Amino acid sequence: MPVILITGAAGKVGAMLRTRLAAPGRILRLADIVPLEAGPGEEAVTASVTDLAAMTAACDGADAVIHLGGIPLEADWDRILDVNIHGTYTVLEAARRAGVPRVVIASSNHAVGFAPLDGTPVPDYEFPAPDTFYGVSKVAGEALGALYSRRHGMDVICVRILACVEKPWNVRILSAWLSPDDCGRLFEACLTAPSPGYRVIFGVSANTRGGWVSLDEARALGYEPRDDAEVYAAQVLAEAAAAGGPGVIPEHRYLGGEFTGPNPPRV
Ligand SMILES: NC(=O)c1ccc[n+]([C@@H]2O[C@H](COP(=O)([O-])OP(=O)(O)OC[C@H]3O[C@@H](n4cnc5c(N)ncnc54)[C@H](O)[C@@H]3O)[C@@H](O)[C@H]2O)c1
């Protein structure tokens with residue numbers, strides 16, 4: 001019976017995947033520092049991604065790991081280094097020791113946040129252009145994934161997620177939205193694509209105002225987005241207008257948006 005370990009399962013993306021990746025004959029092993037209650041077809045593990053012994057035990061018998069656990073915004077370097085960079089090393093090393101053949105890592109658009117939005121989609125495998133220490137941690141995770149894939153023969157897919165939220169709440173997200181259902185479809189493709197080797201893909205829906213990034217590599221794995229943030233556009237634009245309008249924000253010249261500005265969102 002396939003067992004999928006999900007780190008950071010108590011978070012926003014974890015909650016979306018928990019329902020969408022559930023399948024008959026599959027066990028979702030949910031790990032987080034926040035205690036979780038396991039439902040049918042689930043197991044719960046309370047552990048930090050920085051604890052190698054606990055992660056190795058959590059990987060025991062798993063067929064794949066989805067690594068979401070960590071700090072999702074800008075933070076002080078020491079915390080980013082420990083939780084995001086050391087934590088991603090720890091999860092990959094644990095997977096290797098336990099013989100898990102596939103790891104899917106939640107990377108981020110902020111690994112290439114300073115890629116310009118000049119009308120041409122940012123290509124798959126765009127060279128790193130992190131916009132924050134957080135973005136640096138995602139680049140480090142991609143590099144660690146490349147190492148473990150090429151040295152140890154593991155399948156490692158790094159997903160440069162744009163904005164994965166229940167629904168768009170600002171103008172930028174009208175272009176950057178990854179809907180919960182498309183998120184489920186994307187990670188399902190990452191779990192089931194035959195022998196992917198090492199990949200770096202973008203994660204975004206089929207937004208009318210999108211086209212910011214390539215989806216070629218995601219599609220090559222079997223992902224086909226179905227959702228479009230445009231259904232929320234009238235409401236989001238009306239709210240932005242009521243608040244004084246979205247204005248021209250210099251940071252929006254770049255993929256990373258406000259993360260490229262002087263005050264990136266912090267935990
Ligand atoms: N949601 C997005 O739009 C988005 C965009 C790009 C990348 N990502 C990445 O996707 C992943 C999930 O993001 P999210 O939005 O669900 O964030 P989130 O903060 O809601 O979830 C992160 C989870 O990680 C857990 N966590 C924190 N430190 C941990 C540790 N030491 N050990 C184990 N678990 C720990 C938290 O308790 C939380 O449940 C993150 O890696 C984030 O960087 C998310």
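Helix H1 gives three residues to the shell around the ligand, the largest share of that shell. The model is a predicted one. In total, 25 residues surround the ligand, and the closest are Gly 8, Gly 11, Val 13, Gly 69 and Ala 106. Two or more residues of this shell come from each of helix H1 (12-20), helix H3 (77-98) and strand S5 (102-108). Sorted by character, the shell holds 13 nonpolar residues, 10 polar ones and two charged ones.

Now step back to the whole protein chain. The chain has eight helices and seven strands. Its C-alpha atoms fill a box of roughly 55 × 35 × 35 Å along the principal axes. For 267 residues, a compact globule would have a radius of gyration near 18 Å, and the chain agrees with this because its own value is 18 Å. Of the 267 residues, 48% count as buried. Contacts also link parts of the chain that are far apart in sequence: among those between residues at least 6 apart, 68% join residues at least 24 apart.

What lies in the interior? In soluble globular proteins, nonpolar side chains tend to be buried together. In this model the largest nonpolar core has 77 residues, and Ile 6, Val 65, Val 104 and Val 159 have the most contacts inside it. Helix H3 gives the most to this core, with seven residues.

Which residues does Val 104 touch, leaving out those up to four places away in sequence? They are Ala 64, Ile 66, His 67, Ile 157, Val 159, Phe 187, Cys 190 and Leu 191. Three of these names lead on to helix H6, where Phe 187, Cys 190 and Leu 191 are among the buried residues. The other buried residues of H6 are Pro 180, Asp 182, Cys 183, Arg 185, Leu 186 and Ala 189. Helix H6 covers residues 180-192, and its length can be checked: at 1.5 Å a residue, its 13 residues should span 18 Å, and the end C-alpha atoms are 18 Å apart, so the two values agree.

Leu 147 offers another case. This residue is found in helix H4, which runs over residues 133-152. Is Leu 147 buried or partly exposed? Leu 147 counts as partly exposed because it has 15 C-beta neighbours inside 10 Å, while a buried residue needs 20 or more. Leu 147 and Ser 175 are 28 residues apart along the chain, and their C-alpha atoms are separated by 32 Å.

How values were computed:
Residues are numbered from 1 along each chain as its sequence is written. This is a predicted model: local features need pLDDT of at least 70, side-chain atom pairs count only at pLDDT 80 or more; totals for chains, interfaces and linings use all residues. A residue is near a molecule or strand if its C-beta atom, placed from the backbone, lies within 6 Å of it. Helices (H or I, at least four residues) and strands (E, at least two) are DSSP runs, numbered from the N terminus. Ala, Val, Leu, Ile, Met, Phe, Trp, Tyr, Cys and Pro count as nonpolar, Asp, Glu, Lys and Arg as charged, and the others, Gly among them, as polar. A residue is buried if 20 or more other C-beta atoms lie within 10 Å of its own, exposed if 12 or fewer, and partly exposed in between; C-beta atoms are placed from the backbone. The expected span of a helix is 1.5 Å times one less than its number of residues. The radius of gyration is taken over C-alpha atoms; the globule rule is 2.2 Å times the number of residues to the power 0.38. Two residues are in contact if their C-beta atoms, placed from the backbone, lie within 7 Å. A nonpolar core is a set of buried Ala, Val, Leu, Ile, Met, Phe, Trp, Tyr and Cys residues joined through C-beta atoms within 7 Å.
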